[in-house]
Amino acid sequence: MGCTYPIRLIILLFYMFSAAMVATQAQNAVVPTPQRTYPDSAEGLQAQIGDIIGIARSSDQAAIRTALDSLSVPNADKWFGAHFDPRFRAQLPGDYANVLSAYQSHVSWVAVNFAKFDDFALKVEPSEMPKPLADSGFESLLPRPVDAVKIENYRFTSTASDPKHGPPSFVSSFFYIDGRFRFVGGTYPFWMEGLNGLRGPMSIPTAVIHGRTVQGIAFRKDQAGAGIDAIVQLKISVGRTGKVDHIKVLSGDKAFVDDAKDYVKAAEFGPLPDIPQLANAKREWDFEIAFFTPKN
């Protein structure tokens, strides 16, 4: 009986030591940290996002927040200030904070809703880069880097065989800075998001009239100012053949109205399909026609 107590003590100490080891291993299970670096490749980005999702599985809110913050451009205010025209330096950091927050929420949503499934992961593949900003028309007014910065586009697709176990595919754009990918937008980086409308079906291609670049777009309400000499607002009606058949002037400098009319009359909006469902269809839009300041 005299040796019973020491044996129990040894057993108790063994279990306490084992429990401490398990706790330590659990704490160390989330190995990835914001200091880890990744190759500048689709495989590198896939590993980085996979690690963030792995951290999200831990339910450690502080670690999750740190992981999500690692997707941001370091010292964003200084970075955008160094790489963009001074005219845009005041607005870009605020715009970036908004789009970054939305993306972080999206990644969190993906992790919360799909990381619980064993078959879930995100496959990353390079995506086609959009064509550069035009030097004329509305695109010329958008912010753009003053030096050569490398933007990379990637498509994310769920690997889960069950469509309910993963989100729809999506495209994101990144800078690769200090060994990690830093989110800057979707198909277009955030400072070029205006291209979604400018390159859509409600924008007319640029033309040159009397030495000025002219471009029209539906539903905009801009004012003449830096880079734009005049704006004419028109209501147009497009016939079944795709040509404008009626124009009403809503506002604008009279000196530019005739040119604005000639410009939209030459535009092609595409014919309507000859089907019963569109027999009585009407196409009427308010269009803004901008006359851009000639470049020296």
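This is a short walk through a predicted model, taking its two sheets in turn together with the cores, helices and cavities.

Let's begin with the sheet that comes earlier in the chain. Four strands make up an open sheet, arranged in the order β1-β2-β3-β4 with antiparallel pairing. At its edges sit β1 (122–126) and β4 (180–185), each of which pairs on one side only. From one strand to the next, the twist averages 45 degrees. In the middle of the order, β2 (residues 152–158) and β3 (residues 170–177) run antiparallel and are joined by five bridges. If you would like a place to check this register by eye, look at Y154, which stands opposite S172 in β3.

Two helices accompany this sheet. Helix α2 (residues 42–56) lies across β1, β2, β3 and β4, and it runs at about 155 degrees to β1. Helix α5 also packs on the sheet, where it touches β1, β2, β3 and β4; the direction of α5 makes about 115 degrees with that of β4.

Now for the packing of side chains. In soluble globular proteins, nonpolar side chains tend to be buried together. Here, the largest nonpolar core holds 51 residues, and the members that touch the most others are F80, Y96, F156 and W191. Helix α5 (residues 92–114) gives the most to this core, contributing eight residues. A second core lies apart from it, with 22 residues that include I209, V232, A260 and F287.

F156 is a good residue to center your view on. Setting aside its neighbours within four places in sequence, F156 is in contact with L45, I49, Y103, L122, K123, V124, S169, F170, S172 and F174. Some of these names come back when we turn to empty space. How many cavities of 30 Å³ or more does a search of the whole structure find? There are two, and the largest has a volume of about 50 Å³. Its lining is made up of I49, I53, Y103, H106, V107, V110, L122, F156 and F170. The elements that give two or more residues to this lining are α2 and α5, and α5 gives the most, with four residues. F156 is thus a shared landmark: it is among the best-connected members of the largest core and also lines the largest cavity.

Further along the chain is the other sheet. Five strands form this open sheet in the order β5-β6-β9-β7-β8, and the pairing is antiparallel. Its edge strands are β5 (203–209) and β8 (244–252), each pairing on one side only. On average, neighbouring strands here are turned by 25 degrees against each other, direction ignored. Strand β6 (residues 212–218) pairs with strand β9 (residues 283–292) in the antiparallel sense over five bridges. Within that pairing, I217 has E288 in β9 as its bridge partner.

This sheet has a helix across it as well. Helix α7 (residues 254–265) lies across β5, β6, β7 (228–238), β8 and β9, running at about 155 degrees to β8.

We can finish in the loop between α7 and β9, where A279 is found. Is A279 buried, partly exposed or exposed? It counts as partly exposed because its relative accessibility is 46%, a value that falls between the 20% and 50% cut-offs. A279 and R240 are 39 residues apart along the chain, and their C-alpha atoms are separated by 9.3 Å.

Terms used. Residues numbered from 1 in each chain as written. Predicted model: local features only at pLDDT ≥ 70, side-chain atom pairs only at ≥ 80, totals over all residues. Heavy atoms only, no water. Core = buried A, V, L, I, M, F, W, Y, C linked by side-chain atoms within 4.5 Å. Buried < 20%, exposed > 50% of the residue type's maximum accessible area, 1.4 Å probe, protein only. Contact = heavy atoms within 4.5 Å. Pairing = 2+ DSSP bridges. Axes fitted to C-alpha atoms, helices over the stretch in contact; angles between N-to-C directions. 1 Å grid on protein atoms, 1.4 Å probe; cavity = no way out; pocket = protein on both sides within 12 Å on 5 of 7 lines; lining within 4 Å. Points joined across faces, edges and corners; volume = space filled by probe spheres on them.
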